[in-house]
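Here's a quick tour of a model with more than one part to look at. Have the viewer open while you read.

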Amino acid sequence: MKSRLKAVRSRLIQLIVLLGTISTTLFLLLRISGDPAVLIAGEGASPETIDAIRADYGFDRSLIVQYLIFIWDIIRLDFGVSLVNAQPALGFVLDYLPSTLTLTFLAIFFNTILAIPAGVWLGAKPGQRRRRVLSTIVSVAQGTPAYVIALLLIQIFAVWFTVLPSIAGTGTWAWVLPTATLTFALSPNLIRVVAASIEETTAQDYFRTAKANGASPSVLLMKHSLPNALLSTTSLLGAQFAFLLSGALITEFIFAWPGLGLILVQSITNLDFPTIQATVFVVAYLVFFVNLILDQIFRFADPRLRKSQV
Amino acid sequence: MSKAIEVKNLQVSFPTPNGYSAVVRGIDLTIKPGERIAIVGESGSGKTMLGLSMLGIQPSSAKVTGEVIIGDVDMVSANDATARKLRGNYISMVFQEPLTSLNPVRTISSQLSESVRRHNKMSKAEAEDRVLEILTSVGIPAPKERMKSYPHQLSGGLRQRVMIALALINKPALVVADEPTTALDATIQAQILDLLRSGMGDAALMLITHDLAVAADVCNRIVVMYAGNIVEQGPVAEILGNPRHPYTRGLLNAIPKFDKARPPLMPIPGSPPTITEVVSGCRFASRCSYADSQCTASEPKFVDNLACFHPVVGVSQ
């Protein structure tokens, strides 16, 4: 229990360092990308308006003071008001969160049920010819960018066969194509890692021990290879989860999926700094929690990470 | 099982660019019930491959011919299901690396009882009783607590005891122990050797080692292997007292002695032939000071427990 608290504490310290770095970077980017008051005021604004904005946002004060105010706002979770629609930026971002979470869970779910069996099959007997065929396909798929997959899927299912919608919010099945895109984009990597992990466990001494004790191929795979292989796969799954949470930018954009990725792209286009900040921080918190949960899964699954019981 | 285990003309070969090349070159061996024999030889002499192929767990690229008769079954020609029933049951193996030979994410108890329940119709509770019994008999302190432990929580010596327990748990006819003490420090080594000498129950032991002193300490009979062949065998006293093969004599001269005279160590010059090397005649000839033209012309047959044209006579130094 004590060691668990310790782990949580070290993660918290990591979070603080992470948020500090992110906020400082954001602050600096905001200042070097031009006069923020001019950016906010927009093109063709009069000097009076710009001055008013400068005073309003405190851009006329010293950089240090501005930085401290900036940090204080972040601590209070006050990211300001969106420059586009005048809503509080955080609330605006949180409105879009469920839709990204839905897509994330769908993609992880299909990715897992597709890639783990495929990886296990591939890793169990890597030399076989038909497995080498799959392995080659996986390599090619891994090199295919998500937007190519997305456009192909749209062309086939939305344009030629017109069986699935390509735009979010247009019917019950709108989730299928974005989910399929993300699954195809992520699963090759997962398949390869699972296959490599399985192959690696079959070369382990403990695997040979089980064999020497008469374990059948299926017992060898299910009890002496898979659990150990999944352990090393979990961290990749966690990374993929974090990637999806940060908004699968291109996929969300292509399918007009109303998620964090889409608002991040839009707010960058509009130079809507409060919204950019709010999005970045929401993602940072989510990734932090994913890592926290992963830690606990590892602790549960790998006895070597638990406190010694001797 | 009160029948001897017989190895007949066992050959293990691996593919090389020039066709198959044998690392075990037609071994004949009989192991009587309860006997303790040592297979002695340098690295690369084929002793480990002999052990692995007796269980049928050699690397998948290997080609095995000949016979390994255990009970009524020939392990070489038996189908996989039949061979699996024997493995861990009638013949089992202890490996060199106790630190990595147990699954790190499973408890000692679950790994041992898995093997018990695979070969016996037993309830979980009965299997655990058997696990406790065998852990106690191999001298593991506080065995009840250890059952719940994971491998990383045990020392190397304890883990090797667990491995021996795993090998013995189904009361096999033969335990093959491949360099079981090489990875352990000297005091622990002595304890494990004690266990192998007197804690094996009715099981016969085939101890694979490069160390003649260990072989002499534990076993009744010594079999000397060189480059895939048995070159000499006999009771311990005979091999140590009157080694006839120049290679055996060379091995003995390479052991440090601590008596007053302390003769200088005599290394055997050169190294064994590699797997791809083509050797005509006796495979030891190029390293042997007794070798002549006969030795390079033809290979000596294994007769009267010896494969040599020019046996050394006289008492070892």
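What follows starts with chain B, moves to chain A, and ends where the two chains touch.

This is a predicted model, in which local features need pLDDT of at least 70, side-chain atom pairs count only at pLDDT 80 or more, and totals for chains, interfaces and linings use all residues. Residues are numbered from 1 along each chain as its sequence is written, with chains lettered from A and ligands numbered from 1 in the order in which they are written.

**Chain B**

Chain B has 11 helices and 10 strands; here helices (H or I, at least four residues) and strands (E, at least two) are DSSP runs, numbered from the N terminus. Its radius of gyration is 20 Å, close to the 20 Å from the globule rule for 317 residues, so chain B is as compact as a globular protein of that length. That radius is taken over C-alpha atoms, and the rule is 2.2 Å times the number of residues to the power 0.38. Along the principal axes, the C-alpha atoms of chain B fill a box of roughly 65 × 50 × 35 Å.

Of the 317 residues in chain B, 46% are buried. A residue is buried if 20 or more other C-beta atoms lie within 10 Å of its own, exposed if 12 or fewer, and partly exposed in between, with C-beta atoms placed from the backbone. Take contacts in chain B between residues at least 6 apart in sequence: 63% of them join residues at least 24 apart. Two residues are in contact if their C-beta atoms, placed from the backbone, lie within 7 Å.

Helix α1 of chain B (residues 47-55) is a well-covered bit, with nine of its nine residues buried. Among them are B:Lys47, B:Thr48 and B:Ser53. Just after α1(B), B:Gly56 takes a positive phi of about 75 degrees.

UniProt, in an unreviewed entry, puts "domain: ABC transporter" at residues 5-252 of chain B. UniProt positions are given in the numbering used here, feature names are shortened, and annotations may be inferred rather than shown by experiment.

**Chain A**

For chain A, an unreviewed UniProt entry lists "transmembrane region" at several spans, including 12-32 and 101-124. Here are those two next to the chain B domain span:

| Span | End C-alpha atoms apart | Helix | Strand |
|---|---|---|---|
| 12-32 of chain A | 30 Å | 100% | 0% |
| 101-124 of chain A | 33 Å | 100% | 0% |
| 5-252 of chain B | 29 Å | 38% | 27% |

Now for helix α8 of chain A, residues 176-202. Its 27 residues reach 37 Å from first C-alpha to last, close to the expected 39 Å, where the expected span is 1.5 Å times one less than the number of residues. α8(A) bends by about 35 degrees at A:Ser187, with a proline, A:Pro188, following within four residues. The bend is the angle between axes fitted to the seven residues ending there and the seven starting there. The helix is mostly covered, too: 19 of the 27 residues in α8(A) are buried.

A:Thr179 sits in α8 of chain A. Why does A:Thr179 count as buried? Because A:Thr179 has 23 C-beta neighbours inside 10 Å. Leaving out residues up to four places away in sequence, A:Thr179 touches A:Leu103, A:Leu106, A:Ala107 and A:Phe110. A:Thr179 and A:Thr102 are 77 residues apart in sequence, yet 9.7 Å apart in space, C-alpha to C-alpha.

**Where the chains meet**

At the interface, 20 residues of chain A are in contact with 25 residues of chain B. On the chain A side, α9 (205-212) and α10 (217-245) each supply at least two residues, and α9(A) gives the most, with six residues.
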